[in-house]
Amino acid sequence: MSLRTKVELYCDGSCLGNPGPGGWGYILRVQTPTGPKEKEGSGWEPGTTNNRMELMAAIKGLESLSRPCDVEMFCDSQYVVKGIQGWLAGWKRNGWRKADKQPVINVELWQALDAQLAKHRVEAFWVRGHNGHAENERVDQLARNAIPAQA
């Protein structure tokens, strides 16, 4: 039996153009005896890609946890989910190179995510984006709203 806090993490990234200005957002939800408690976070970068923002949402969500937790992460990015579920282990074993021997793209973000995964027990689940999933719609809105209007 785990004594770690159980947390749900919903995360999403968005980009206006690819590359272009992008935003990320997350929601953390913890069940307490008095009901669920939630925390939101978001941010943006001026010149980035959608994949980088998807990774940033996951990293920032995990970084915001103050102690090791059991995390169920829900994300509409297969890039992030497949990376967590399998690619990371191979990349690390191969010196951060893909099966085709090319360097991993966004390696510094994957390494930052890997450092967070080492602190927590994370199960990653893919959810279909823009399909009425309430939390995914909320984090998508957080990510889009984080991009300044003048960007």
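In the predicted model, helix α2 is followed by Gly95, a residue whose phi is positive, near 70°. The helix itself comprises residues 78-93, and at 1.5 Å a residue its 16 residues should span 22 Å, which agrees with the 21 Å that separate its end C-alpha atoms. Along this course α2 nevertheless contains a kink of about 60°, which is centred on Ile84. Ile84 is also among the buried residues of the helix, together with Tyr79, Val80, Val81, Gly83, Leu88, Gly90 and Trp91, and the partners against which these buried residues pack are α1 (50-63), β4, α3 (107-119) and β5.

The packing of α2 with α3 is described by an angle of about 90° and a distance of 11 Å between the axes, and α2 is therefore roughly perpendicular to α3. On the α2 side the contact is made by Tyr79, Val80, Gly83, Ile84, Leu88, Trp91 and Lys92, while α3 contributes Trp110, Leu113, Asp114 and Leu117.

The strands form an open sheet of five members in the order β3-β2-β1-β4-β5, and the pairing within it is mixed. Its edges are occupied by β3 (35-48) and β5 (121-126), each of which pairs on one side only. On average, and with direction ignored, neighbouring strands of this sheet are turned by 20° against each other. Strands β1 (residues 5-15) and β2 (residues 20-32) run antiparallel and are joined by nine bridges; Glu8, for example, has Arg29 of β2 as its bridge partner. Two helices that pack on the sheet can be described in turn. Helix α2 touches β4 (69-75) and β5, its direction making about 140° with that of β5, whereas helix α4 (residues 134-146) touches β1, β2 and β3, its direction making about 140° with that of β2.

A further site of interest is Met56, which lies in helix α1. With a relative accessible area of 11%, Met56 falls under the 20% limit and is therefore buried. When neighbours within four places in sequence are left aside, Met56 is in contact with Trp24, Glu45 and Leu109. Met56 and Gly13 are 43 residues apart in sequence, yet their C-alpha atoms are 7.5 Å apart in space.

Conventions
Residues are numbered from 1 along each chain as its sequence is written. This is a predicted model: local features need pLDDT of at least 70, side-chain atom pairs count only at pLDDT 80 or more; totals for chains, interfaces and linings use all residues. Side-chain values use heavy atoms; hydrogens and water are left out. Two strands pair if DSSP finds at least two bridges between them. Helices (H or I, at least four residues) and strands (E, at least two) are DSSP runs, numbered from the N terminus. Axes are lines fitted to C-alpha atoms, for helices over the stretch in contact, and angles run from 0 to 180 degrees between N-to-C directions. Contact means heavy atoms within 4.5 Å. The expected span of a helix is 1.5 Å times one less than its number of residues. The bend at a residue is the angle between axes fitted to the seven residues ending there and the seven starting there. Buried means under 20% relative accessible area, exposed over 50%, partly exposed in between (1.4 Å probe, protein chains only). Angles under 35 degrees count as roughly parallel, over 145 as roughly antiparallel, 65 to 115 as roughly perpendicular and the rest as oblique.
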